[in-house]
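Biologist: I'm new to reading protein models, and I'd love a guided tour. Could you take me through one, feature by feature?

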Amino acid sequence: MIRNISILAFFVLIILAGSAWFTGGQIALINATAGYISAMLVVAASAFGYYRLVDGADEVTTNHNLPDITEQIDDKYGLWDEENEVPDDPKELLKEEKLRLKRSKRGLKAIIKTSKPAISIYRLIAYVILIVTVYKLISADIFDAVVFLLGSTVAPLLVAGYLYFRR
């Protein structure tokens with residue numbers, strides 16, 4: 001699958017570069033190609049990070065102590081819990097409910113544990129390359145935002161389209 005996407009990405013790059021060259025000249029070619037390659041690096045890094053996360057999921061248990069989603073859907077307000085006894089005093093009920101909500105908030109540690117795919121080093125490097133590319137184009141005074149964005153939009157659409165039509 002990766003080989004097929006790589007071959008398709010190369011042919012799309014050739015078509016994109018040719019159309020950019022004929023419609024806008026050398027500056028459009030540079031912007032479209034730089035945008036396409038930068039976006040393709042971000043997509044590839046995201047896919048690789050996700051692959052590593054899924055591959056390592058067999059070895060590790062869940063990283064969070066969040067409630068089961070089916071339990072949340074079935075018993076949204078905790079009406080069927082046998083442990084919860086409702087006090088008669090409304091003030092006591094309000095105090096217990098506030099305490100329960102305060103305990104259910106996720107802390108910084110839980111957020112960091114569950115955000116492992118978002119903080120992938122591969123994605124961070126790919127985004128740094130994207131930012132440096134834009135910076136270099138701007139400093140060389142050849143940055144064309146529209147062409148760059150068009151070029152960078154093609155890469156995610158290509159991968160999404162390939163995966164959609166492949167299923």
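Modeller: Happily! Let's start with a word we will need often: two residues are in contact when heavy atoms of theirs lie within 4.5 Å. Keep in mind, too, that this is a predicted model. For a case of contact, take S152, which touches G35, Y36 and A39, leaving out residues up to four places away in sequence.

Biologist: Where does S152 lie, and is S152 buried or exposed?

Modeller: Burial is judged by relative accessible area, and under 20% counts as buried. S152 lies in helix α6. Its relative accessible area is 13%, so S152 is buried. Its side chain also has a polar atom 3.1 Å from the backbone oxygen of L149.

Biologist: Let me step back. How many helices and strands are there in the protein?

Modeller: The protein has six helices and zero strands. Following the sequence, you read the pattern α-α-α-α-α-α. Of the 167 residues, 21% are buried. The protein exposes about 13,300 Å², and carbon and sulfur atoms supply 65% of that area.

Biologist: What share of the contacts between residues at least 6 apart in sequence join residues at least 24 apart?

Modeller: That share is 74%. One pair to look at in space is F48 and Y122: they are 74 residues apart in sequence, yet their C-alpha atoms are 7.9 Å apart. F48 lies in helix α1, and its relative accessibility of 37% means that F48 counts as partly exposed.

Biologist: Next, the core. What is the general idea there?

Modeller: In soluble globular proteins, nonpolar side chains tend to be buried together. Here, the largest nonpolar core has 17 residues, and those touching the most other members are A9, A32, Y36, M40, A155, L158 and V159. Two elements give two or more residues to this core, α1 (2-56) and α6 (145-166). The largest share, 12 residues, comes from α1.

Biologist: Which residues does L158 touch, not counting those up to four places away in sequence?

Modeller: L158 touches L8, A9, V12, Y36 and M40.

Biologist: Now, how do I read a helix that has a buried face?

Modeller: An α-helix has 3.6 residues a turn, so residues three or four places apart point the same way. Try this with α6. The helix has 22 residues and reaches 32 Å from its first C-alpha to its last, close to the 32 Å expected at 1.5 Å a residue. Its buried residues are V147, F148, G151, S152, A155, L158, V159 and Y162. Seen down the axis of α6, these fall within an arc of 145°, so they line one face of the helix.

Biologist: And which exposed residues does the face of α6 turned away from the buried side carry?

Modeller: That face carries V146, L149, L150, L157 and F165.

Biologist: Can we practise on another helix?

Modeller: Sure, let's use α5 (121-139). Its 19 residues should span 27 Å at 1.5 Å a residue, and the end C-alpha atoms are 26 Å apart, which agrees. The buried residues in α5 are A126, T133 and L137. These cover an arc of only 25° around the axis, which puts them on the same side of α5. On the other side, I121, I131 and Y135 are exposed.

Biologist: What comes after α5?

Modeller: D141 is a residue to look for there: it follows α5, and its phi is positive, near 60°, although D141 is not a glycine. D141 lies in the loop between α5 and α6. With 70% relative accessibility, D141 counts as exposed.

Biologist: One last stop, please. What can we read from T33 and A17?

Modeller: Both give us contacts to trace. T33 lies in helix α1, and its side chain reaches the backbone oxygen of L29 at 2.7 Å. Apart from residues up to four places away in sequence, T33 touches L13 and A17. A17 is found in helix α1 too. A17 is buried, with a relative accessible area of 16%. Leaving aside its neighbours within four places in sequence, A17 is in contact with L29 and T33. Finally, A17 and A32 are 15 residues apart along the chain, and their C-alpha atoms are separated by 6.8 Å.

Technical notes: Residues numbered from 1 in each chain as written. Predicted model: local features only at pLDDT ≥ 70, side-chain atom pairs only at ≥ 80, totals over all residues. Heavy atoms only, no water. Core = buried A, V, L, I, M, F, W, Y, C linked by side-chain atoms within 4.5 Å. Buried < 20%, exposed > 50% of the residue type's maximum accessible area, 1.4 Å probe, protein only. Helix = DSSP H or I, 4+ residues; strand = E, 2+ residues; numbered from the N terminus. Expected span 1.5 Å × (residues − 1). Arc of directions from axis to C-beta. Areas by Shrake-Rupley, 256 points an atom, 1.4 Å probe, with all protein chains shown as cover. Polar contact = N/O pair within 3.5 Å; in protein donor to acceptor, adjacent residues only side chain to side chain.
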